[in-house]
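Please look through the sequence and the model below before reading on. The paragraphs that follow lead from the chain as a whole to single residues.

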Amino acid sequence: LDKDNSLEIWNAHRDALTKMTDYLNFLKIRYLEFSNSLGTNFTLELPKNHVWIGATVKSRLGTIFTPNIPTEEVFTAPIKYSVNEKIHVVKPVYFRGKLIRDIEFTFKNEEVVDFLQKKIWMH
């Protein structure tokens with residue numbers, strides 16, 4: 001917003017996110033896989049006709065609306081019951097005033113069935 005052409009810059013950014021959602025929709029991805037060297041081995045299945053959505057929404061009358069500024073969001077929703085693996089959280093998480101690091105979750109049929117919390121620091 002501090003540039004003379006901030007509207008042009010924002011529109012270009014919004015258009016880039018729209019191109020990404022169009023590309024992801026074109027790919028018709030069936031699942032997403034996540035893994036890391038700390039133990040994450042996680043797959044999310046996507047519904048057959050899922051849709052990727054980005055920075056903007058278009059009304060029935062064609063008005064373009066951007067609900068979140070700034071935004072980098074491009075997202076869809078997985079099949080709820082397809083979560084059946086382990087996630088190791090590698091970034092610190094603040095929860096109820098505590099900094100939590102090194103967390104592992106094991107999911108089965110969308111529920112957490114095992115949880116390991118290695119470190120907690122009071123904030």
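Helices here are DSSP runs of H or I with at least four residues, and they are numbered from the N terminus. The model is a predicted one. Arg14 belongs to such a run, helix α1, which covers residues 6-27.

The overall layout comes next. One helix and eight strands make up the protein chain's secondary structure, and in sequence order they give the pattern α-β-β-β-β-β-β-β-β. The radius of gyration is 19 Å, whereas the globule rule gives 14 Å for 123 residues, so the protein chain is more spread out than a compact globule. The C-alpha trace spans about 50 × 40 × 25 Å along its principal axes.

Some totals describe the chain further. Buried residues account for 21% of the 123 in the protein chain. Its accessible surface is about 9,800 Å², and carbon and sulfur atoms hold 56% of that area. Of the contacts between residues at least 6 apart in sequence, 45% join residues at least 24 apart. The side chains include 17 positive and 15 negative ones, and the centres of these two sets are 3 Å apart.

Back in the helix, is Arg14 buried or exposed? Arg14 counts as buried because its relative accessibility is 17%, and the cut-off for buried is under 20%. Apart from neighbours within four places in sequence, Arg14 is in contact with Ala55, Thr56, Ile64 and Thr66.

Beyond the helix, Lys28 lies in the loop that leads from α1 to β1 (31-35). With a relative accessibility of 61%, Lys28 counts as exposed. Most residues other than glycine have a negative phi. Lys28, however, has a positive phi, near 50°.

Further along the chain, the loop between β4 (64-65) and β5 (86-89) holds Pro78. How far apart in space are Pro78 and Ile64, C-alpha to C-alpha? The distance is 26 Å, with their positions 14 residues apart in sequence. Pro78 has a relative accessible area of 36%, so it is partly exposed. Once neighbours within four places in sequence are set aside, the contacts of Pro78 are Leu44, Glu45, Leu46 and Pro47.

The strands after this loop can be followed through their pairing. Strand β7, residues 98-108, runs antiparallel to β5, and four bridges join the two. One bridge partner pair is His88 with Glu104 in β7. Strand β6, residues 93-95, also runs antiparallel to β7, joined to it by three bridges. Here Val93 stands opposite Ile100 of β7. The hairpin of β6 and β7 has two residues between the strands, and Arg96 takes a positive phi near 50° in this hairpin.

A last residue to find is Asp102, which is part of strand β7. Its phi is near 55°, a positive value in a residue other than glycine. Asp102 counts as partly exposed because its relative accessibility is 22%, and partly exposed covers values between the cut-offs of 20% and 50%.

Definitions and conventions
Residues are numbered from 1 along each chain as its sequence is written. This is a predicted model: local features need pLDDT of at least 70, side-chain atom pairs count only at pLDDT 80 or more; totals for chains, interfaces and linings use all residues. Side-chain values use heavy atoms; hydrogens and water are left out. Buried means under 20% relative accessible area, exposed over 50%, partly exposed in between (1.4 Å probe, protein chains only). Contact means heavy atoms within 4.5 Å. Two strands pair if DSSP finds at least two bridges between them. The radius of gyration is taken over C-alpha atoms; the globule rule is 2.2 Å times the number of residues to the power 0.38. Accessible areas come from the Shrake-Rupley method with a 1.4 Å probe; for residues, only the protein chains shown count as cover. Lys and Arg count as positive and Asp and Glu as negative; His and the chain ends are not counted. The place of a charge is taken as NZ of Lys, CZ of Arg, CG of Asp or CD of Glu.
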